[in-house]
Amino acid sequence: MGTGESIIKVRQLGLAAYIKLNGAELAGVEDRAFLFRSIKSESEWRVEYNNSCCMRHDALVCELRHHLKSGN
């Protein structure tokens, strides 16, 4: 690992995709969680993701999926 890097564990798929999209290296998958090498903490990534258009996109996908399941 590089200077200041640590392994962070992420279970949320949307957050994991956002972290990978923004350049963190996927180090592995363990117990249904993604492991990334990153200089940022999981909470720093979560704040960035929550303030991004990606979060809004993911929320809309879930909302639209709900409409398909309910038959409306």
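Which residues make up the largest nonpolar core? The legends below take up this question and then other close-ups of the structure, which is a predicted model.

**Figure 1. The largest nonpolar core of the predicted model has ten residues in all.** Its members are Ile 8, Val 10, Leu 15, Ala 16, Tyr 18, Ile 19, Ala 24, Phe 36, Trp 45 and Tyr 49. Strand S1, helix H1 (13-21) and helix H2 (42-50) each supply at least two residues of this core. H1 gives the most, with four residues. One of the core residues, Ala 16, is in contact with Val 10, Phe 34 and Phe 36, leaving aside its neighbours within four places in sequence.

**Figure 2. Three strands form an open sheet in the order S1-S3-S2, with antiparallel pairing.** S1 and S2 are the edge strands, each pairing on one side only. From one strand to the next, the twist averages 30 degrees. Helix H1 packs on the sheet and touches S1, S2 and S3. The direction of H1 makes about 30 degrees with that of S3.

**Figure 3. Strand S3 is joined by bridges to S1 and to S2.** Between S1 (residues 6-10) and S3 there are five bridges, and the two strands run antiparallel. Ile 7 stands opposite Arg 37 of S3, and Lys 9 has Leu 35 of S3 as its bridge partner. Strand S2 (residues 25-30) is likewise joined to S3 by five bridges, in an antiparallel arrangement. On this side, Glu 25 has Arg 37 in S3 as its bridge partner. Arg 37 is thus named in pairings with Ile 7 and with Glu 25. As background to such views, side chains in a regular strand alternate between the two faces of the sheet.

**Figure 4. Two residues lie between the strands in the hairpin of S2 and S3.** Asp 31 is found in the loop between S2 and S3, and Arg 32 lies in this loop too. The phi of Asp 31 is near 50 degrees, a positive value in a residue other than glycine. Arg 32 is not a glycine either, yet has a positive phi of about 60 degrees. Asp 31 counts as exposed because its relative accessibility is 58%, and a residue is exposed when this value is over 50%. Arg 32, at 78% relative accessibility, therefore also counts as exposed.

**Figure 5. Ser 38 is a buried residue of strand S3.** S3 covers residues 33-38, and Ser 38 is placed in this strand. Ser 38 has a relative accessibility of 3% and so counts as buried, the limit being under 20%. Its side chain reaches the backbone nitrogen of Lys 40 at 2.9 Å. A further polar contact, of 2.8 Å, links the side chain of Ser 38 to that of Trp 45. With its neighbours within four places in sequence left aside, Ser 38 is in contact with Gly 4, Glu 5, Ser 6, Ile 8 and Trp 45. Among these residues, Ile 8 and Trp 45 are also listed in the nonpolar core of Figure 1.

**Figure 6. Helices H1 and H2 cross at roughly 95 degrees.** Their axes come within 10 Å. The crossing makes H1 roughly perpendicular to H2, because angles of 65 to 115 degrees are classed in this way. From H1, Gly 14, Leu 15, Tyr 18 and Ile 19 take part in the meeting of the two helices. From H2, the residues they meet are Glu 42, Trp 45, Arg 46, Glu 48 and Tyr 49.

**Figure 7. The buried residues of H1 pack against S1, S3, H2 and helix H3 (53-70).** Gly 14, Leu 15, Ala 16, Tyr 18 and Ile 19 are the buried residues of H1. Gly 23 follows H1 and has a positive phi, near 100 degrees.

**Figure 8. Gln 12 is found in the loop between S1 and H1.** Its relative accessibility is 33%, so Gln 12 counts as partly exposed. Leaving aside neighbours within four places in sequence, Gln 12 is in contact with Arg 46 and Tyr 49. The C-alpha atom of Gln 12 is separated by 9.7 Å from that of Arg 32, with the two residues 20 residues apart along the chain. Arg 32 is the exposed loop residue shown in Figure 4.

Key:
Residues are numbered from 1 along each chain as its sequence is written. This is a predicted model: local features need pLDDT of at least 70, side-chain atom pairs count only at pLDDT 80 or more; totals for chains, interfaces and linings use all residues. Side-chain values use heavy atoms; hydrogens and water are left out. Buried means under 20% relative accessible area, exposed over 50%, partly exposed in between (1.4 Å probe, protein chains only). A polar contact is a pair of N or O atoms within 3.5 Å; within protein, one must be able to donate a hydrogen and the other to accept it, and residues adjacent in sequence count only if both atoms are side-chain atoms. Contact means heavy atoms within 4.5 Å. Two strands pair if DSSP finds at least two bridges between them. A nonpolar core is a set of buried Ala, Val, Leu, Ile, Met, Phe, Trp, Tyr and Cys residues joined through side-chain atoms within 4.5 Å. Axes are lines fitted to C-alpha atoms, for helices over the stretch in contact, and angles run from 0 to 180 degrees between N-to-C directions. Angles under 35 degrees count as roughly parallel, over 145 as roughly antiparallel, 65 to 115 as roughly perpendicular and the rest as oblique.
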